[in-house]
Amino acid sequence: MFFFKKTNCYFTVFCILVLMLFFTVNKGFSEEEEEVIRKNQAIEDINGNTNLKVSIETTLKTETEHVGKLKKQLSDLRETDRILSTEMNAYKVRLSGYGNILVSPKIQIEDIEKAWADTNAALTSISDTLKYLVQNRDVVRQSLEQAEEQYELNEKQLLDINTDVSDISEIQTLVDNFQSLIKLLSFKIQYLEELHKIYTEKIDQLEDIQKAFTEFSGKFDEQIKLRKKEALFKRKESPLLLQNWKQVREELILLFSQSLLLFSKNFWSDMVRTLWKTSDLLLVTALVLFGIIQIALLRIRRYFIQLGQVRFLPEQYPWRHFILQIFRRSLLLLGTTLFVYFYAHLRNFYSTIPVIRLVFHILLTWLFSQWSLVFLKLWNQRGKYPVPGPLVFRLRILIILIRSFAIVYLVISWLVGESSIILFFVRIPFEISLLVWCILSWKTFRKSMTDPDRSPRLSKMQYFLMELSYLIVGGGIISEFAGYGSLAIYWYTSWACTAVSLLWGGLFFFLLYEWNKRFKTSASTLPETSAKPADPLKWLFLQICWLIWLGIFSISLFFAWGAKQAVIIGFFKLLSKNMTLGGMNLSFLGFVYGIIILLCTHAATRVWKNTLIKKILAHSGLRSGLKESITTLTIYLLWLFGILISLSIIGVNTTSLTVVFGALGIGLGFGLQNIFNNFISGIILLFERPIQVGDAVEINGIWGEVRKINVRSTLVQTYDNASLIIPNADFISSQVTNWSFRDARIRRIITVGVAYGSDTEAVRQTLLEIAEKQFTVLKYPGPSVLFTDFGDSALIFKLRFWTDVDNCLIAESDIRFEIDRLFRKRNIQIPFPQRDIHIRSEENKGE
């Protein structure tokens, strides 16, 4: 047994050793096989994934081309950098010169305006260059980010390739391609970083120069405004003095040379070249757009003609037709002027190219004069308050004279400057012509005043215009000969712009007046039961139009007298400035906005009332009185909401509201308790509804219909068409008979007497027949007849019948007519009162 056990132990050890040897040999073979398999698999992956090899080769080729382009781009940018550096040095030289212009006290305003125009032109050029550089820098930054991402991705892919199998040729080729691509990408990143650096440096330098030019532009602008203000009140020596004739001769030579330059080919070619350089293809686009606008304006003009002939007839809409005709006759000129103005400001030509300003001012002058001439012609065609013929002729001469002088003056001041002495010799004939015109024209006017049919109001207006014209002409002449020529021009220009503002302000005033009049007329023709105004939104829009008209007209008068945009903004800032009053911050604009909110609330309540009654509650099945109560309560809520918003906009805060309500409570305790009582009573009437709109009520023996339950009182319309305004508290504290509180049916009684001896059954049947034939008498409950009493002179019958409140009086009247007719026909007598008189004699008295 022991032997067998020992043998089994040796055998077990032997088996274990054999198994260990087997696994060791097997493991060695497995590692070798796995290496072979792994290499074969790698070869298969490389050979099978042809897309990867092709992609790497294509990317390598593409990036090689990109690097070459970047190298050339960097070389070109370095050349551009040298050019930009030269330009920036020139800009810096100009900036130093601008500094000398600002500090020089004897510099002319024309030189400052020229420097201002050059500054704006430089700003335009710098802005375009900056835009180009920023765009390129953004492209370079984006390309740099992409190149860095691609570099990191390729490095990661290269690390993922197993270097243990690098002895395989296919894998080695792929690794070489990855290494070449990474090297190219590193060059690409290097070039892009250098490009980005150069772009950034130039952008920073140009932004500094742009900031300096912007500061100088603002200073030049302020200096020009200051010089012009000083020139208005700066007295100059008379050009008629002998020492000034030499300067006059020099300026005449300059004017002649500049005029010849104006007709030269080089001047216009240089200007076109400047425009083309600044706008490039946008100039062609602008010309095409201008042509399209003119074609569109021609079509609009034809539409205006049809509109004036079909819809806005002069008999029905005189002022609309009038304004339409003025617009139609000046539409092309107006479109051209606006196009030049907006395009010049959009492309910054207005401040950089002086001839553009000249063209715009000439167009504007022609437009103003065109409006005046058309207005004068159409005014006399209108027929009401016509201007005498001779005076019309002289007014046309005046408008043409002003237009011609303005154009000549603009051209000469553009050629030789605003401070030129030659302009004095242009103003003097013009002012003398104005004076002669005033004398001759008003002499003609005085002769026309002998007409007895002339309107006194028109005569007073023409006297006022005559005195005003003498004031304008005389003020300009006095300023001129006193040495204030610039002030004289400012005086004339401001009055001319004021005249245009008054022309259009008056036209639009009468247009709104006509619209308002027609709106009131259409509202007054509506039946009494309809809501007024007829169209709340139209009413609100009309009120807003009045506010807009007032604002625009006021601003136009400010601009007419030289107010700039900053003045208008400052004026509105002054209006919006808060004023502290207790705990409230109030402002004028806050009050205006509060009024607008209240107007909008008023219109909203009107719209809500119509919508609620006619749309929402129309098919609800509720009684009309309940509908009216719901509508009134919701309108109260809307008004409460609108008033709170209005108070908040005005500047009344919650603390102030608490003070107001406290003061209101004190007022209620003293003198407002009746008003508050009526208000609360009105709320109770709306909720409890003892009376409703449309109910028939009887108050102190007077019948009427409830028309409106207001905040303080209730309106009752009697059947005699009298309006009773009854405080709401009376309906709560007093007895009121409501004939239609729950049921509109009402029983009426007609008492009739017949003679003694009449057939009572015939009377009964006749009365029932009469009641049953009346359509205003209800069939259920049916009528009935009562034999009530034996009177002194007649048998008393009562006819009882049911009808509704609206027809009760008509029903009683019709039945009485029918009783009289049938009683006569059937010989039923209605007796007179009878009395027995007993006469006693004196004898009987003595006995």
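**Exercise 1.** In which sense do β5 and strand β6 (residues 723-727) pair, and over how many bridges?

*Solution.* The structure is a predicted model, and the steps below read its strands and helices in turn. Start with the pair itself: β5 and β6 pair in the antiparallel sense, and five bridges hold this pairing in the list of partners. Next, look for an individual pair of residues, where Thr714 is found to have Ile726 in β6 as its bridge partner. Then turn to the connection, since β5 and β6 form a hairpin with four residues between the strands, and in this hairpin Asn721 takes a positive phi near 65 degrees.

**Exercise 2.** Find which strand joins β5 through five bridges besides those shared with β6, and decide whether β5 is largely enclosed or not.

*Solution.* Strand β4 (residues 702-709) is joined to β5 by five bridges, and β4 and β5 run antiparallel. Within this pairing, Val706 stands opposite Val716 in β5. For the second part, a residue counts as buried when its relative accessible area is under 20%. Five of the six residues of strand β5 (residues 713-718) are buried, and therefore β5 is largely enclosed by the rest of the structure.

**Exercise 3.** Work out the strand order of the open sheet that contains β8, β9 and β10, and explain why β8 and β9 each have one side without a neighbour in the sheet.

*Solution.* The three strands of this open sheet come in the order β8-β10-β9, with antiparallel pairing. Because β8 (745-754) and β9 (784-790) stand at the edges and each has a single partner strand, one side of each is left without a neighbour in the sheet. From one strand to the next, the twist averages 25 degrees. As a closer look at one pairing, β8 and strand β10 (residues 795-804) are antiparallel over 10 bridges, and Ile749 has Arg800 in β10 as its bridge partner.

**Exercise 4.** Identify which helices lie across strands of this sheet, and state the angle of each.

*Solution.* Helix α22 (residues 760-773) lies across β8, β9 and β10, and runs at about 15 degrees to β10. Helix α23 (residues 808-825) lies across β8 and β10, and its angle to β8 is about 25 degrees.

**Exercise 5.** Describe how helix α10 packs with helix α11.

*Solution.* Two packed helices are described by the angle between their axes and the distance between the axes. For α10 (residues 354-382) and α11 (residues 389-416), the angle is about 180 degrees and the axes are 10 Å apart. An angle over 145 degrees counts as roughly antiparallel, so α10 is roughly antiparallel to α11. By class, their contact has 15 nonpolar, six polar and two charged residues.

Note on methods: Residues numbered from 1 in each chain as written. Predicted model: local features only at pLDDT ≥ 70, side-chain atom pairs only at ≥ 80, totals over all residues. Heavy atoms only, no water. Pairing = 2+ DSSP bridges. Helix = DSSP H or I, 4+ residues; strand = E, 2+ residues; numbered from the N terminus. Axes fitted to C-alpha atoms, helices over the stretch in contact; angles between N-to-C directions. Contact = heavy atoms within 4.5 Å. Parallel < 35°, antiparallel > 145°, perpendicular 65-115°, else oblique. Nonpolar A, V, L, I, M, F, W, Y, C, P; charged D, E, K, R; others polar. Buried < 20%, exposed > 50% of the residue type's maximum accessible area, 1.4 Å probe, protein only.
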